[in-house]
Structure formats: structure tokens, C-alpha cells
Amino acid sequence: MRLSALSLPLAAIAIGLSACQSLTPEERRAADERQCLGYGFKRGTNAFATCLQRIDLDRRADARAFRLQADENFDDFTRPIYYPRYYRR
């Protein structure tokens, strides 16, 4: 019983940590090529190059949108924050 009670949190931690892994540029390129090949494009053609370019442009647009959203979320922190002081009498 004790083992099964620990296995669920440990599995959740392992899954969470595995999601934090980032791809190297070579792995990302290979994944993009597999995706374009899966769409039916032939390697070495203009259509294949266009597919790779569109995937890269889409990734950059997502990163730009994420940065803009993060900037909006932290925009309020550029102003001074007022904390009232409470005095005991």
C-alpha cells in the first residue's frame, strides 16, 4: 500500500520533468523534416523547403506572441507599489 501511495506522485514528477526537456537544433530540424515528410512533401523540393520555412515562421510567431503576453502580464510591475503602514497606538 505504501509503495502505491508514493508511485503516483513520483510518476507525476517524472512526467513533469520530462516535459521540461528542450530540443537541440538538430533534433528540432529532424522533427520538422519528419512533419513535412508526413504531409507528403518530397525532400529536396521547393515545396519541402517552403514547409520547413513555414514551420519555422510559425514557431517564431508563437515565441513573439508569448513574449508580448508576458510583457503585458508584467507591465503593472514597472510602477512603484504603495504599501500602507499600520502603526500601533
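**Helix α2 and its two sides**

Let me begin with the outer side of helix α2, where the face turned away from the buried side carries the exposed residues Arg34 and Gly38. Please keep in mind as we go that what we are looking at is a predicted model.

Before going further into that helix, I would like to place it in the chain as a whole. The chain has three helices and zero strands, so that, reading from the N terminus on, its elements run α-α-α. Of its 89 residues, 8% count as buried, and the accessible surface of the chain comes to about 8,600 Å², with 58% of that surface belonging to carbon and sulfur atoms.

Now back to α2, which covers residues 25-39. A careful student might check its length, and the check works out as follows: at 1.5 Å a residue, the 15 residues of α2 should span 21 Å, and the C-alpha atoms at its ends are indeed 21 Å apart, which agrees. Just after the helix comes Gly40, a residue whose phi is positive, near 105°.

Which residues of α2 are buried? They are Asp32, Glu33 and Cys36, and, when we look down the axis of α2, these buried residues fall within an arc of 100°, so they line one face of the helix.

Let us take the three in order. Asp32 has a relative accessibility of 9%, and because buried means under 20%, Asp32 counts as buried. If we leave aside its neighbours within four places in sequence, Asp32 is in contact with Leu52, Ile55 and Arg59. Glu33, which also has its place in helix α2, is buried too, with a relative accessible area of 18%. When residues up to four places away in sequence are not counted, Glu33 touches Arg43, Phe48 and Leu52.

The third residue, Cys36, is buried with a relative accessible area of 0%. Setting aside its neighbours within four places in sequence once more, we find Cys36 in contact with Phe41, Phe48, Cys51, Leu52 and Ile55.

Several of those names return when we turn to the core. The largest nonpolar core has five residues in all, and they are Cys36, Phe48, Cys51, Leu52 and Ile55. Helix α3, residues 46-73, supplies the largest share of this core, namely four residues. As general background, nonpolar side chains in soluble globular proteins tend to be buried together.

That leaves one link to describe. How many disulfides does a search of the whole structure find? It finds one, formed by Cys36 and Cys51, whose sulfur atoms are 2.0 Å apart. Because Cys36 lies in helix α2 and Cys51 in helix α3, the pair ties together parts that are 15 residues apart in sequence. The torsion about the S-S bond of Cys36 and Cys51 is about -95°, so this disulfide is left-handed. As for the partner in α3, Cys51 is buried as well, with a relative accessible area of 7%.

To draw the picture together, then, α2 carries Asp32, Glu33 and Cys36 as its buried residues, while Arg34 and Gly38 are exposed on the face turned away from them, and from the buried residue Cys36 a disulfide runs to Cys51.

How values were computed
Residues are numbered from 1 along each chain as its sequence is written. This is a predicted model: local features need pLDDT of at least 70, side-chain atom pairs count only at pLDDT 80 or more; totals for chains, interfaces and linings use all residues. Side-chain values use heavy atoms; hydrogens and water are left out. Buried means under 20% relative accessible area, exposed over 50%, partly exposed in between (1.4 Å probe, protein chains only). Contact means heavy atoms within 4.5 Å. The expected span of a helix is 1.5 Å times one less than its number of residues. The arc is that of the directions from the helix axis to the C-beta atoms. A nonpolar core is a set of buried Ala, Val, Leu, Ile, Met, Phe, Trp, Tyr and Cys residues joined through side-chain atoms within 4.5 Å. A disulfide is a pair of cysteine sulfur atoms within 2.5 Å. Accessible areas come from the Shrake-Rupley method with a 1.4 Å probe; for residues, only the protein chains shown count as cover.
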